[in-house]
Amino acid sequence: MLMFLFLVVALAVVVAAVTLAVVGGGESTPLPEAAPERFEDPLPPDRPVARDDVEALRFPLAVRGYRMADVDDALGRLGAEIAERDARIADLEAALAGARAAGPAADERAEGDPR
């Protein structure tokens, strides 16, 4: 009988402790609001993405790995940056080819000019 009484008292203490933990001991809200685990894009909005930015990129875990929307957003941003850089490189290469083509013609005119 003494063992039964001890178990009832222990159960009451455990229930009281759990209730106090959930209720919070008289605070206005039972549990604090948990911040949503949403991906905050750490890629810089004010400058081009650098290699260090990509290496530091980490996605929050979801039930089956990563949130598809977060990964899609980051990959879309990186794809746009790469396309922009490719276009800029193509423009610069075209300008360089034009300068090289104009270079020999300008040299010939300079050699034929007696001044």
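**Surface patch**

I began with the nonpolar surface patch, which Leu2, Leu5, Val9 and Val13 make together and which covers about 420 Å². I kept in mind throughout that this is a predicted model. To place one of the patch members, I looked up valine 9 and found it in helix α1, which spans residues 2-23. Its relative accessible area is 46%, so I noted valine 9 as partly exposed.

**Overall layout**

I then stepped back to the whole chain, where I counted 3 helices and 2 strands. Following the sequence from start to end, I read their order as α-α-β-β-α. Of the 115 residues in the protein, 10% are buried. I wrote down an accessible surface of about 9,900 Å² for the protein, with 65% of that area belonging to carbon and sulfur atoms. For contacts between residues at least 6 apart in sequence, I noted that 46% join residues at least 24 apart.

**Confidence**

Before going into single residues I checked how confident the predictor was, and found an average pLDDT of 79 for the protein, with 77% of the residues scoring at least 70. Which element has the lowest mean pLDDT, and which the highest? I found the lowest value, 75, in strand β1 (residues 61-62), and the highest, 88, in α1.

**The loop between α1 and α2**

My next entry concerns two prolines of this loop. Proline 42 lies in the loop between α1 and α2, and with a relative accessible area of 46% I recorded proline 42 as partly exposed. Proline 44 also has its place in the loop between α1 and α2, the latter helix running over 51-55. Is proline 44 buried or exposed? Its relative accessibility is 9%, which is under the 20% cut-off, so proline 44 counts as buried. Setting aside residues up to four places away in sequence, I found that proline 44 touches Val49, Asp53 and Arg77.

**Aspartate 53**

The contact with proline 44 led me to aspartate 53, which lies in helix α2. Its relative accessible area is 15%, so I entered aspartate 53 as buried. Which residues does aspartate 53 contact, once its neighbours within four places in sequence are left aside? I listed Leu43, Pro44, Arg47 and Pro48. I also saw that a polar atom of the aspartate 53 side chain lies 2.9 Å from the backbone nitrogen of alanine 50. Going back to proline 42, I noted that proline 42 and aspartate 53 are 11 residues apart in sequence, while their C-alpha atoms are 7.8 Å apart in space.

**Salt bridges**

How many salt bridges does the count come to? I found 3, and I went through them in turn.

- The side chain of aspartate 53 meets that of arginine 47 in a salt bridge, at 2.9 Å from N to O. I noted that aspartate 53 is buried at 15% relative accessibility, whereas arginine 47, at 39%, is partly exposed.
- Glutamate 55 and arginine 51 have side chains that meet in a salt bridge, with 2.8 Å from N to O. Both residues lie in helix α2, 4 residues apart, about one turn of the helix. Glutamate 55 counts as partly exposed at 43% relative accessibility, whereas arginine 51 has a relative accessible area of 66% and is exposed.
- Arginine 77 and glutamate 81 are joined through their side chains in a salt bridge, where N and O are 3.4 Å apart. These two residues are 4 apart in helix α3 (residues 68-112), so about one helical turn separates them. Arginine 77, at 22% relative accessibility, counts as partly exposed, whereas glutamate 81 is buried with a relative accessible area of 14%.

**Joining the entries**

I closed by tracing how these residues connect. Proline 44, in the loop between α1 and α2, touches both Asp53 and Arg77, among others. Aspartate 53 is in a salt bridge with arginine 47, and arginine 77 is in one with glutamate 81.

Note on methods
Residues numbered from 1 in each chain as written. Predicted model: local features only at pLDDT ≥ 70, side-chain atom pairs only at ≥ 80, totals over all residues. Heavy atoms only, no water. Patch = residues over 30% accessible without salt bridge, like charges linked within 9 Å, V, L, I, M, F, W, Y side chains within 5 Å. Areas by Shrake-Rupley, 256 points an atom, 1.4 Å probe, with all protein chains shown as cover. Salt bridge = Lys/Arg side-chain N within 4 Å of Asp/Glu carboxyl O. Buried < 20%, exposed > 50% of the residue type's maximum accessible area, 1.4 Å probe, protein only. Contact = heavy atoms within 4.5 Å. Polar contact = N/O pair within 3.5 Å; in protein donor to acceptor, adjacent residues only side chain to side chain. pLDDT = per-residue confidence, 0-100.
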